[in-house]
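Here are some friendly notes to read alongside the model. Take the points in order, and find each residue in the viewer as you go.

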Amino acid sequence: GLFSRCPRTGLLWALEGLGWQNLRPVSRILAQLSLTQIDDNWANKPIASLSALFRSWMPQTAAPLSERIKVLEELVRDFPDVAWEICIQQFDPSDRTGFYSHKPALRNDAIGQGEPRTGREHYEFCRKAFELALAWESHTASQLGDLVQHLEGIPEEEQGRVWDLIDDWAERTTDEKAKATLRETIRRFAFTRRGRRQGRTVRLRPSRKRINSHAPQQRSSAR
């Protein structure tokens, strides 16, 4: 109803409160909950609470950088679909709005924690997320499309590694539908005026030709 409350808010607040000092178990619980797609209009969702724990520039946990990296690696191994979203968010330049997670009222677990961070710690976590995304066990066309869409958040000197992945994938895959999907993503986000209008700094590579070279050729009818 109009004035009803989100039934999962209490559970998520409890997990967020525990997450300040118990990153690993809380992350795994939230990742498991995030496997279920929730399509309602409430902002309180497990994936949002999980993302806040690993937000590179404003992590809602007291866990040090080394622990956050270790737990993220475990999520990549055990919950790859969820972890992919977490990794991609780290170099998404449009994802720069952060909210504070619930803090315990009767404990000092989160005192002085959860504030925005910059510098080395922010860079190293983003870098780790990028390396994990590149080293994924088996990329899909959708995942490669995610990387293309986030090229502007990747240093220009590193963008060539994304195009190399696409080149290798195009050589191996025989799924023409998947290739067509990726071609369209590249056209929309890397090679169009729309992409340039959005302020994207993208290093273009021959992958466009490589993928197009695998497209089915239409036969011209004789006149």
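1. Let's begin with two phenylalanines. In this predicted model, F91 and F130 are both buried. Their ring centres lie 5.7 Å apart with the planes at 85°, so this is an edge-to-face pair; planes need to be over 60 degrees apart to earn that label. The pair links distant parts of the chain, because F91 sits in the loop between α5 (80-90) and α6 while F130 belongs to helix α6, 39 residues apart.

2. How many aromatic pairs does a search of the whole structure find? It finds 3. One of them is F54 with F125, a stacked pair whose centres are 6.4 Å apart and whose planes make an angle of 20°. This pair also links distant parts of the chain: F54 is in the loop between α3 (46-53) and α4 (65-78), F125 is in helix α6 (residues 120-134), and 71 residues separate them. Are these two residues buried or exposed? F54 has 0% relative accessibility, so it counts as buried. F125 also comes out at 0%, so it is buried too; the cut-off for buried is under 20%.

3. Two arginines deserve a look for where their charged ends sit. That of R68 is over the ring of F125, at 5.6 Å from the ring's centre. So F125 has a stacked partner in F54 and a charge over its ring from R68. The charged end of R55 is placed over the ring of W57, 5.9 Å from the centre.

4. Helix α6 is a good place to practise a simple check. It has 15 residues, and at 1.5 Å a residue it should span 21 Å; the C-alpha atoms at its ends are 21 Å apart, which agrees. If you wonder why 15 residues do not give a longer figure, the expected span is 1.5 Å times one less than the number of residues. Its buried residues are E121, F125, C126, A129, F130, L132, A133 and L134. These pack against α4, α5, α7 (141-149) and α8 (159-172).

5. Next comes α7. Because 7 of its 9 residues are buried, this helix is largely enclosed by the rest of the structure. The buried ones are A141, Q143, L144, G145, D146, L147 and V148. Which elements help to cover them? The cover includes α5, α6, α8 and α9.

6. I88 shows one place where α5 and α7 come into contact. I88 is found in helix α5 and is buried, with a relative accessible area of 6%. Leaving aside neighbours within four places in sequence, I88 touches D146, L147 and H150. I88 and D146 are 58 residues apart along the chain, yet their C-alpha atoms are separated by 7.5 Å.

7. What about the nonpolar core? The largest one has 50 residues, and those with the most contacts inside it are L50, F54, L75, L147, V162, I166 and I186. Two of these names have come up already: F54 from the stacked pair and L147 among the contacts of I88. L50 is worth clicking on as well: not counting residues up to four places away, it touches S27, L30, A31, S34, L75, V82 and I86.

8. Compare two loop residues. Q37 lies in the loop between α2 (23-34) and α3, and with 64% relative accessibility it counts as exposed. Its C-alpha atom is 9.4 Å from that of I47, 10 residues apart along the chain. T173, in the loop between α8 and α9 (176-189), is buried, with a relative accessible area of 16%. The C-alpha atoms of T173 and T140 are separated by 9.7 Å, with their places 33 residues apart along the chain.

9. Finally, step back to the whole protein. It has 11 helices and 0 strands. Of its 223 residues, 47% are buried. Among contacts between residues at least 6 apart in sequence, 74% join residues at least 24 apart. The protein exposes about 13000 Å², and carbon and sulfur atoms supply 50% of that.

Notes:
Residues numbered from 1 in each chain as written. Predicted model: local features only at pLDDT ≥ 70, side-chain atom pairs only at ≥ 80, totals over all residues. Heavy atoms only, no water. Phe/Tyr/Trp six-rings, centres within 6.5 Å; stacked < 30°, edge-to-face > 60°. Helix = DSSP H or I, 4+ residues; strand = E, 2+ residues; numbered from the N terminus. Buried < 20%, exposed > 50% of the residue type's maximum accessible area, 1.4 Å probe, protein only. Lys NZ or Arg CZ within 6 Å of the ring centre and 35° of its normal. Contact = heavy atoms within 4.5 Å. Core = buried A, V, L, I, M, F, W, Y, C linked by side-chain atoms within 4.5 Å. Areas by Shrake-Rupley, 256 points an atom, 1.4 Å probe, with all protein chains shown as cover.
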